[in-house]
Amino acid sequence: MKNKLGDLNNHLFAALERLGDEGMTADQIEQEAKRADAIVAVADKIIGTADTQLKAAKLWAEHGSAIMPMLPKVGGGATEIEGKAE
């Protein structure tokens, strides 16, 4: 998967547009509202993860590599373990 936060934004707006469709029946609106709730729940988790990654990047910017042993791996880049890149 190669989704970006911009893709998440597009999904959220698409859900909003579906909810605004005036041609839906009450049952369709209820079903779409449940779907939107599920999308929002997943979106909240994705945003929380992105926030954690941003905080780690800020720590790196402030403290340099000295902070790395205290941080979990948060990206796809190489990490160093016992002097060897993974």
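The exercises below work through the fold, the second helix and selected residues of one predicted model.

Residues are numbered from 1 along each chain as its sequence is written. Local features need pLDDT of at least 70 and side-chain atom pairs count only at pLDDT 80 or more, whereas totals for chains, interfaces and linings use all residues, and side-chain values use heavy atoms, with hydrogens and water left out.

**Exercise 1. Describe the order of the elements and the burial of the chain.**

Begin with the elements, where helices (H or I, at least four residues) and strands (E, at least two) are DSSP runs numbered from the N terminus. The protein chain holds two helices and two strands, and from the N terminus on they run α-α-β-β.

Next, take burial, for which buried means under 20% relative accessible area, exposed over 50%, and partly exposed in between (1.4 Å probe, protein chains only). Of the 86 residues of the protein chain, 10% count as buried.

Then turn to contacts (heavy atoms within 4.5 Å): among those in the protein chain with a separation of 6 or more, 29% come from residues 24 or more positions apart.

**Exercise 2. Test whether the length of helix 2 agrees with its number of residues.**

The expected span of a helix is 1.5 Å times one less than its number of residues. Helix 2 covers residues 26–63, which is 38 residues, so it should span 56 Å. Its end C-alpha atoms are 55 Å apart, which agrees with that expectation. Just after helix 2, glycine 64 takes a positive phi of about 70 degrees.

**Exercise 3. Identify the buried residues of helix 2 and examine what surrounds one of them.**

The buried residues of helix 2 are Glu32, Ala36, Ala43 and Ala56, and what covers them includes helix 1 (5–19).

Consider glutamate 32, which counts as buried because its relative accessibility is 9%. Not counting residues up to four places away in sequence, glutamate 32 touches Arg18, Leu19 and Met24.

**Exercise 4. Is aspartate 37 of helix 2 buried or exposed, and what separates its C-alpha atom from that of alanine 15?**

Aspartate 37 is found in helix 2, and it counts as exposed because its relative accessibility is 55%. Although aspartate 37 and alanine 15 are 22 residues apart along the chain, their C-alpha atoms are separated by 9.5 Å.

**Exercise 5. Classify leucine 5 by its accessibility.**

The place of leucine 5 is in helix 1. With a relative accessible area of 48%, leucine 5 is partly exposed.
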